Protein chains: 2
Amino acid sequence: MQSDGTSKSKIVVCRDLGPDVMPLLTKRDDIEVVTWTEDCVCDREWLLKNISGAVGIVIVFSELVNAELLDAAGPNLKVVSTMSVGYEHIHVSELAKRNVRLGYTPDVLTDAVADISVMLALMAGRNANETMGIVREGLWPKFIWAPFALCGPQLSTSGISPSRTVGFLGFGRISHATLARLIPFGVTDCIYSSNPNSAASPKKERDEALLKQYRPQLKSLRPVDRDTLARESDVLFILAPGGPSTRHLIDEDFLRKMKKHSVLVNAGRGTVVDSDALAKALREKWIWGAGIDVVEGEPNIWKDHPLVREPR
Amino acid sequence: MQSDGTSKSKIVVCRDLGPDVMPLLTKRDDIEVVTWTEDCVCDREWLLKNISGAVGIVIVFSELVNAELLDAAGPNLKVVSTMSVGYEHIHVSELAKRNVRLGYTPDVLTDAVADISVMLALMAGRNANETMGIVREGLWPKFIWAPFALCGPQLSTSGISPSRTVGFLGFGRISHATLARLIPFGVTDCIYSSNPNSAASPKKERDEALLKQYRPQLKSLRPVDRDTLARESDVLFILAPGGPSTRHLIDEDFLRKMKKHSVLVNAGRGTVVDSDALAKALREKWIWGAGIDVVEGEPNIWKDHPLVREPR
């Protein structure tokens, strides 16, 4: 029984969540579901109007949850649930003041991001963007094959190149899932530098357990400083969160220390990497290539963005 | 001591093989190395002239080794060595007649092709070509994000999708190396149809050993007929050789039987897949996507080729 006299609890859903999810809400007799049905960012005015009296609200990262919105909802509100791993768009202290619970999806993307991280490492090492461009532009028939044309630093180890060091900036769930996928490619050594925000890291017991799990393929796993991370990584995965403490950790100075044949993959947060420095590193071949899932300032990335213009 | 009176054995090298390889030949006092130094196909006339009296010849796949060439070489020739896995460009019976040995590189690309196979499976499942196109064309800023926009069938298993069946057409070294890399992505079942040329397959003992190696993650591994291969594979890898016996094994009939969300990867030989049928399958969405390392008629693939035009 709600305070406005109706017997149904109102839930506002800010994006159609598809046929697998929506019936979980819409088929219940005790819930009144109000849905923003258009497949674009939920209109703020619509939301402020419709949230009044809601018990719960389901959002994605485009909805700012601040005092204004919570006041518009009123005292019925019990839960804010966001379909995202991050919750930078939610003023958590305002929720706490009003005793509203927060739901988020911390682990749902772990495997997806690990998959993308491996994909980008393979693509950057193989110059996939460059080679696909050749085919797309119709240049393949005229392309002169040569034994080493378009070759890159293979991810897998081989007889003449029997070791691979993978580095991680940020060594949480996603990094662990990525490492697991890389083991059969022949990775021999793993180094990491923890997210500077992370509480109790490095974690000796966890590291020993991981090393034991992947032996004998994996020979070593150890925390290192950022200087060593830059110098020793054959493939470096940025899987650290955003925010001021990680901003531009990967800058010109860091990139200049990296190996000429190294590959950088950013599937963490765009702000960790200085885009201009990375474009310069690619242009001047300080590193081999980069695989980028996130970029500073996204989605405002136009076709003349320095990183879009770099084939590698 | 050669028949022409000089004390050095002549070796003709049809492509500069780079600073790791060439010194192995050029630094030896007992060998005269004659090299085609341009980074393009070795001129036939040059080759016919220079091969005379050679003891050995190092080629790549662009050099046709036939009676004409072997006669031009003369009776000193002992070895033809090709930097390739295939030897379709070499008339083996003519070598045998003259008692010339053949060197080739059967295993050197196993890991490389396995890496590419995994990369293409990830890219096709994630619509990488489509999404990179959006960024390249400068459409990202205007792109309307939605919870399921651009989502594809994730390679890794997940809570709501806990099983994955990978299929292999051709189940040799490269398929085994690909399977090994896929295990930590959560693959649960493996089915295969052997290369029709393959001698003693299926091989029960080998299969039991593989299954044992990847348990408990892998639940089953079994040979199947091609009909089952089409119907049950979530990701299908074509890793079979070319030639008449495998030509267009993947045709319209086969593709129509595949799952709507399946992904096809061809890193074997282009001729195994009927390109027109595959383009139709992608256009009409019989399957989710395709990752193609080889294509029938390559390198004569222009930008209006039906497969180049399909975003998936």
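Is Ile250(A) buried or exposed? In this predicted model, Ile250(A) has a relative accessible area of 0% and is therefore buried, the cut-off for that class being under 20%. The residue lies in the loop that runs between strand E9 and helix H10 (252–257) of chain A.

The surroundings of Ile250(A) were examined next. Leaving aside residues up to four places away in sequence, Ile250(A) is in contact with Leu169(A), Leu236(A), Ile238(A), Leu255(A), Leu264(A), Val272(A), Val273(A) and Asp274(A). One of these contacts, Asp274(A), is separated from Ile250(A) by 24 residues in sequence, while the C-alpha to C-alpha distance between the two is 6.2 Å.

Two other contacts of Ile250(A), Leu236(A) and Leu264(A), face one another across a strand pair, with Leu236(A) standing opposite Leu264(A) in E10(A). The strands concerned are E9 (residues 235–238) and E10 (residues 263–266) of chain A, which are joined by four bridges in the parallel sense.

This pair belongs to an open sheet of six strands in chain A, ordered E8-E7-E6-E9-E10-E11, with parallel pairing. The edges are occupied by strand E8 (220–223) and strand E11 (289–292) of chain A; each has a single partner strand, so one side of each is left without a neighbour in the sheet. From one strand to the next, the twist averages 15°. Helix H8 (residues 204–214) of chain A packs on the sheet, where it touches strand E7 (189–193) and E8 of chain A. The direction of helix H8 makes about 160° with that of E8(A).

Terms used:
Residues are numbered from 1 along each chain as its sequence is written. Chains are lettered from A and ligands numbered from 1 in the order in which they are written. This is a predicted model: local features need pLDDT of at least 70, side-chain atom pairs count only at pLDDT 80 or more; totals for chains, interfaces and linings use all residues. Side-chain values use heavy atoms; hydrogens and water are left out. Two strands pair if DSSP finds at least two bridges between them. Axes are lines fitted to C-alpha atoms, for helices over the stretch in contact, and angles run from 0 to 180 degrees between N-to-C directions. Contact means heavy atoms within 4.5 Å. Buried means under 20% relative accessible area, exposed over 50%, partly exposed in between (1.4 Å probe, protein chains only).
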